[in-house]
Amino acid sequence: MEYPGFSSNNFRSVDMRDLILVLNDFSYGELKFFIDYSLFSAKISGILSKKLNLNDGGKNYIKGLMIGFGYIFLSKFLDINDFLILFENKDTQEAALFISHVFYTSIMKMESLENESEILYILKENNLNKSYFELETINILTVSHELSKMYVFDKYLKREAYEKTLENIIDYTRKFNIDNEVKIALLDIFRDPWEMSIIFSDDPYPELFIDREIALLRGEELMNAMKLLTFLVDYRSRFTRKHSFRVSNIARDIGKEILGEYEGFKLMISGLLHDIGKIYVPLKILEKPGFFNDFERKIMNTHSVRTYLMLKKINGLNEFAEVSLLHHEKLDGSGYPHRYKSNEIPMEVRILTFADILSALTEERPYKNPYTIKEAMSILYQETKEGKLDTIVYKKVDNMVKNGYRIIDEDIIESLLKEEKYNIIKEKINILKEKIY
Ligand SMILES: [Fe+2]
Ligand SMILES: [Fe+2]
């Protein structure tokens with residue numbers, strides 16, 4: 001895909017460390033366990049690499065973070081307790097590594113990581129836990145993964161006290177079959193009050209590991225990182241699975257028509273990010289069949305503010321915070337959170353809102369089947385007539401639809417799973433699902 005204005009210097013860069021802080025915000029609800037696992041593994045990888053003078057604590061921090069991403073995907077299939085029980089299962093691990101590999105190669109691939117062969121080696125060949133002493137990074141990633149597994153196991157399944165977990169981890173490290181130098185460095189960490197505090201704290205500490213040189217994301221890398229955030233939020237529920245990618249495409253297409261190429265491009269990003277605050281809406285509410293009660297409605301309506309607060313933390317994405325905040329405002333003042341009226345709502349927001357509703361109407365929800373684009377347009381016509389939505393936007397989209405406009409779905413994992421070579425792993429995931437349900 002082309003990203004006009006993205007390839008050169010006329011678009012901002014974003015500090016990966018800010019993104020990691022937002023990722024840490026995702027440590028909520030059913031994702032808590034997985035984020036916790038990934039960040040624990042990242043911190044151990046980072047600290048160990050620094051201690052061993054590998055000079056790339058940052059790169060290994062990111063690699064440590066990404067090994068576990070496949071497990072996050074498996075949370076869509078398995079509830080946390082079932083999952084923890086299957087955590088040690090060979091099939092589960094293989095499936096998770098496979099998904100991590102898909103994540104890595106499709107949406108997290110970062111040129112700046114350089115020497116990425118180690119992570120590909122682990123992920124693609126399912127080589128985690130095989131000891132390859134000659135490759136220090138593999139030793140580091142393996143040990144980080146193992147210790148993180150123990151950590152989340154103790155914390156979430158056995159509900160052990162922290163000092164017991166620490167004792168278990170130290171015990172395990174002593175017996176662990178890894179490179180001796182790595183082992184000594186690791187035991188050193190558990191003697192150092194600073195390093196230990198960092199590892200067991202809820203703060204991901206990206207600033208300690210990732211130096212400015214590799215922290216700046218731009219172009220496709222930035223795009224991929226944003227897609228990853230979107231993906232983590234939307235993939236929580238099958239009802240929202242394609243939502244933000246659709247909104248992103250529709251908003252870009254309308255934006256291009258009304259405001260031009262560059263504004264369309266920015267709307268594509270707003271579309272991707274507009275709902276990440278939904279991470280704070282419990283699945284029970286997201287997937288409730290039927291109408292919300294007052295309380296549920298209140299919780300749901302916080303999501304645009306939550307998106308705003310999260311994006312505000314990311315220097316370089318602040319303008320998307322502003323646009324996302326307003327995507328549920330209506331021109332007649334009946335929206336939220338500010339109840340703004342028409343003159344307070346800029347055109348780009350009006351476009352995003354329109355794209356959002358068009359997308360939601362044509363998607364399945366627990367309380368409704370998807371409408372056809374024609375049916376959706378007649379509902380949008382009503383809303384426009386009532387003064388809630390923008391007339392110019394409505395007319396433009398009406399025109400686009402009459403000229404055969406199609407909404408394009410983008411489901412990264414789904415499309416990759418279709419590939420022949422992944423069939424075996426796909427089967428494994430299915431067997432796993434059957435085992436549990
Ligand atoms: Fe929304
Ligand atoms: Fe939305």
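Which helices are included in what covers the buried residues of α16? They include α14 (219-234), α15 (243-259), α19 (303-312), α20 (318-325) and α21 (347-361). This is a predicted model, and the account below starts from that helix.

**Helix α16**

Helix α16 spans residues 261-273 and has 13 residues. From first C-alpha to last it reaches 19 Å, close to the 18 Å expected at 1.5 Å a residue. Its buried residues are Gly 264, Leu 267, Met 268, Ile 269, Ser 270, Gly 271, Leu 272 and Leu 273. One of these, Gly 271, is touched by Ala 355.

**The chain as a whole**

The chain holds 25 helices and 2 strands. It has 437 residues, and 43% of them count as buried. Take the contacts between residues at least 6 apart in sequence: 69% of these join residues at least 24 apart.

**The largest nonpolar core**

In soluble globular proteins, nonpolar side chains tend to be buried together. Here the largest nonpolar core has 91 residues. The members that touch the most other members are Leu 19, Ala 251, Ile 254, Ile 351, Phe 354, Ala 355 and Leu 358. Helix α2 (residues 32-51) gives the most to this core, with 10 residues. The core lies between domain 1 (14-216) and domain 2 (242-410), because both give residues to it.

Ala 355 shows some of this packing in detail. Leaving out residues up to four places away in sequence, Ala 355 touches Val 247, Ile 250, Ala 251, Ile 254 and Gly 271. Two of these partners, Ala 251 and Ile 254, are themselves among the core members that touch the most others.

**Helix α10, a two-faced helix**

Which residues of helix α10 (residues 180-189) are buried? They are Val 182, Leu 186 and Ile 189. These residues cover an arc of only 55 degrees around the axis, so they sit on the same side of α10. An α-helix has 3.6 residues a turn, so residues three or four places apart point the same way. The buried residues pack against α2, α8 (136-157), α9 (162-175) and α11 (193-200). The face turned away from the buried side carries exposed residues: Asn 180, Ile 184 and Leu 187.

Asp 179 is found in the loop between α9 and α10. Is Asp 179 buried or exposed? It counts as buried, because it has 21 C-beta neighbours inside 10 Å and the cut-off is 20 or more. Asp 179 and Glu 136 are 43 residues apart in sequence, yet their C-alpha atoms are 7.9 Å apart in space.

**Backbone geometry in the loops**

Three loop residues carry backbone features worth listing.

| Residue | Loop | Backbone feature |
|---|---|---|
| Arg 159 | between α8 and α9 | positive phi of about 50 degrees |
| Tyr 205 | between α11 and α12 (206-209) | positive phi of about 50 degrees |
| Pro 337 | between α20 and α21 | cis peptide bond with Tyr 336, omega about 5 degrees |

Arg 159 is not a glycine, although its phi is positive. The same holds for Tyr 205. Their surroundings can be read from neighbour counts. Arg 159 counts as exposed because it has 8 C-beta neighbours inside 10 Å. Tyr 205 counts as buried because it has 21 C-beta neighbours inside 10 Å.

Definitions and conventions: Residues numbered from 1 in each chain as written. Chains lettered and ligands numbered in written order. Predicted model: local features only at pLDDT ≥ 70, side-chain atom pairs only at ≥ 80, totals over all residues. Helix = DSSP H or I, 4+ residues; strand = E, 2+ residues; numbered from the N terminus. Expected span 1.5 Å × (residues − 1). Buried ≥ 20, exposed ≤ 12 C-beta atoms within 10 Å, placed from the backbone. Contact = placed C-beta atoms within 7 Å. Core = buried A, V, L, I, M, F, W, Y, C linked by C-beta atoms within 7 Å. Domains from an automatic or database assignment. Arc of directions from axis to C-beta.
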